[in-house]
Amino acid sequence: MAGMLIDGALRGGLKGRTYPNVNPATAQCIGEAPDADRTDVDEAIGAARRSFDESSWSRDHHFRAHCLRQLHEALCTEQELLRDVLVREAGVPIALTHSIWLDTILDSVSYWAELATNYPYETQIAARDTLAAVTSHRTVVREPVGVVAAITPWNYPLPLNIFKVAAAVAAGCTVVLKPAPDTPWCGTEFGRIIAERTDIPPGVVNVITAADPLIGEALVKDPRVDMITFTGSTAVGKRIMAGAADHLTRVCLELGGKSANIVLDDADLPALAADFAGVCAHAGQGCALTTRLLLPRRRYDEGVAVARAAFEQLSCGDPTDPAVVVGPVINARQRERILAMIEAGKREARLLVGGGVPDSPAVGYYVEPTLFCDVDPNAVIAQEEIFGPVLSVIPYEDDDEAVRIANSSIYGLSAAVHSADAERAMSIARRLRTGTVGVNGGVWLAADTPFGGYKQSGLGRELGHDGFAEFLETKSIALPA
Ligand code: NAD
């Protein structure tokens with residue numbers, strides 16, 4: 001078991017407590033994780049504060065770029081170990097680790113290494129009369145925001161740990177990372193790699209793990225923390241925002257979603273089978289998955305048949321099997337929650353495929369890929385985030401109604417549009433109140449592309465220049481001309 005990383009030391013909690021780490025595919029304990037209490041959190045914040053206030057870290061762009069290049073190399077060196085952790089601790093199917101769950105996101109660290117040195121931290125505004133009629137030069141300086149608390153979920157654990165920590169570090173911040181209780185090793189192994197394989201100084205990155213999710217509140221309420229970057233549920237996001245209000249701590253919130261996939265009436269429906277089934281990847285535990293499928297009424301039966309055939313071919317399986325894409329859900333509690341939502345769905349829509357727990361695998365936390373059709377846009381399964389392998393098919397009359405249904409959600413994270421006419425699809429994409437839209441299979445997830453939500457899907461952006469700027473304060477300095 002790797003320890004937590006606090007002030008450069010890899011260690012257990014001060015009270016020596018640990019908690020079991022459970023493999024969701026087998027329901028077996030695979031080892032222990034350090035169980036921090038508030039004194040550990042206090043030390044981690046203190047270390048991050050001192051590193052920010054008392055070292056040259058925040059000002060030395062070139063050293064930070066050097067450390068991030070080292071981090072990129074180190075993550076590539078330890079890639080197979082990280083893959084094993086993702087599969088065993090989070091139940092991510094090994095096939096998916098070859099894509100955006102691991103292999104293809106590591107290069108993002110190089111993007112932040114570049115930004116650390118190339119970002120325009122200072123810009124000049126030409127001398128002219130100010131509002132007070134004093135001609136002045138103005139320099140706008142962007143400085144790191146300070147100590148960042150990074151709180152991450154279990155469903156996309158390693159990429160989010162990397163995105164948040166690497167971007168904050170690139171900007172010159174210091175960090176306390178708190179991963180979700182179900183995925184502690186994605187945090188502790190990341191911390192170990194930082195400590196053992198990079199020159200990132202002690203205290204700049206700290207990692208704490210705990211069984212109690214509320215240990216995160218100690219981070220949120222501490223006045224020494226300047227910013228909270230949080231990814232997780234909308235309910236917890238609201239609580240964090242309320243807690244942060246005490247000290248007006250800055251928040252960046254990446255929250256839940258209920259994204260729509262709008263298929264226009266000229267789309268090539270059979271070609272979309274894999275797209276429809278894609279909502280079951282990693283057992284549907286993805287914030288931006290398009291879990292509402294909007295089909296035009298005049299091609300509704302055809303579209304439902306394509307979705308049905310695609311779902312009937314899916315089966316749950318052992319995530320270590322390279323042919324499997326639908327693994328377990330994270331824990332027993334989450335499985336019960338998903339099954340309760342499916343029961344609600346059976347009362348309000350037509351169940352076509354799945355709807356329960358599969359016979360095989362016999363152990364572990366599995367839920368059958370489940371397809372509902374004839375779903376009312378206001379039904380529970382069309383409005384609430386299920387976070388399981390469940391797709392709700394909703395019919396619509398015309399393009400305007402499709403847009404209206406897609407936008408009738410408290411969420412606004414992502415969407416997809418499919419059409420034979422790219423222009424028509426683009427014009428629909430512009431009308432959607434969501435932070436990202438994939439048109440005709442276009443992929444927005446990239447280090448240089450801002451990601452985040454409208455409405456109750458969040459505040460602020462991750463990735464890209466916008467995501468980097470979240471970690472910066474703006475100072476304007478004026479000098480008489
Ligand atoms: P969660 O909200 O239960 O927990 C997320 C993190 O917050 C965990 O580390 C947890 O321990 C911590 N936490 C819980 N209560 C807290 C509190 N009161 N104060 C401080 N920290 C607290 O989310 P989850 O169940 O781990 O993850 C699934 C959710 O995350 C889904 O809603 C999903 O849509 C969302 N998500 C969003 C994105 C995005 O980028 N928008 C990405 C992935 C997941």
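A residue is counted as near the ligand if one of its heavy atoms lies within 4 Å of it. The model is predicted, so local features need pLDDT of at least 70 and side-chain atom pairs pLDDT 80 or more, whereas totals for chains, interfaces and linings use all residues. Residues are numbered from 1 along each chain as its sequence is written, and side-chain values use heavy atoms, with hydrogens and water left out.

The ligand is surrounded by 29 residues, of which Thr 152, Lys 178, Ser 233, Leu 255 and Glu 385 come nearest. By class, this shell holds 17 nonpolar residues (Ala, Val, Leu, Ile, Met, Phe, Trp, Tyr, Cys and Pro), five charged residues (Asp, Glu, Lys and Arg) and seven polar residues (the others, Gly among them). Helix 9 (234-244) is one of the elements that supply at least two shell residues each, and its three residues are the largest share. Helices are DSSP runs (H or I, at least four residues), numbered from the N terminus. Because domain 1 (4-255 + 457-480) and domain 2 (260-447) both contribute to the shell, the ligand lies between them; the domain bounds come from an automatic or database assignment.

Polar contacts are pairs of N or O atoms within 3.5 Å. An N or O atom in the side chain of Ser 233 is 2.6 Å from a ligand oxygen atom. For Thr 152, a polar backbone atom lies 2.7 Å from an oxygen atom of the ligand, and for Trp 154 a polar side-chain atom lies 3.0 Å from a ligand oxygen atom. Of the 850 Å² of accessible area that the ligand has on its own (Shrake-Rupley method, 1.4 Å probe), the protein covers 91%.

Key. A polar contact is a pair of N or O atoms within 3.5 Å; within protein, one must be able to donate a hydrogen and the other to accept it, and residues adjacent in sequence count only if both atoms are side-chain atoms.
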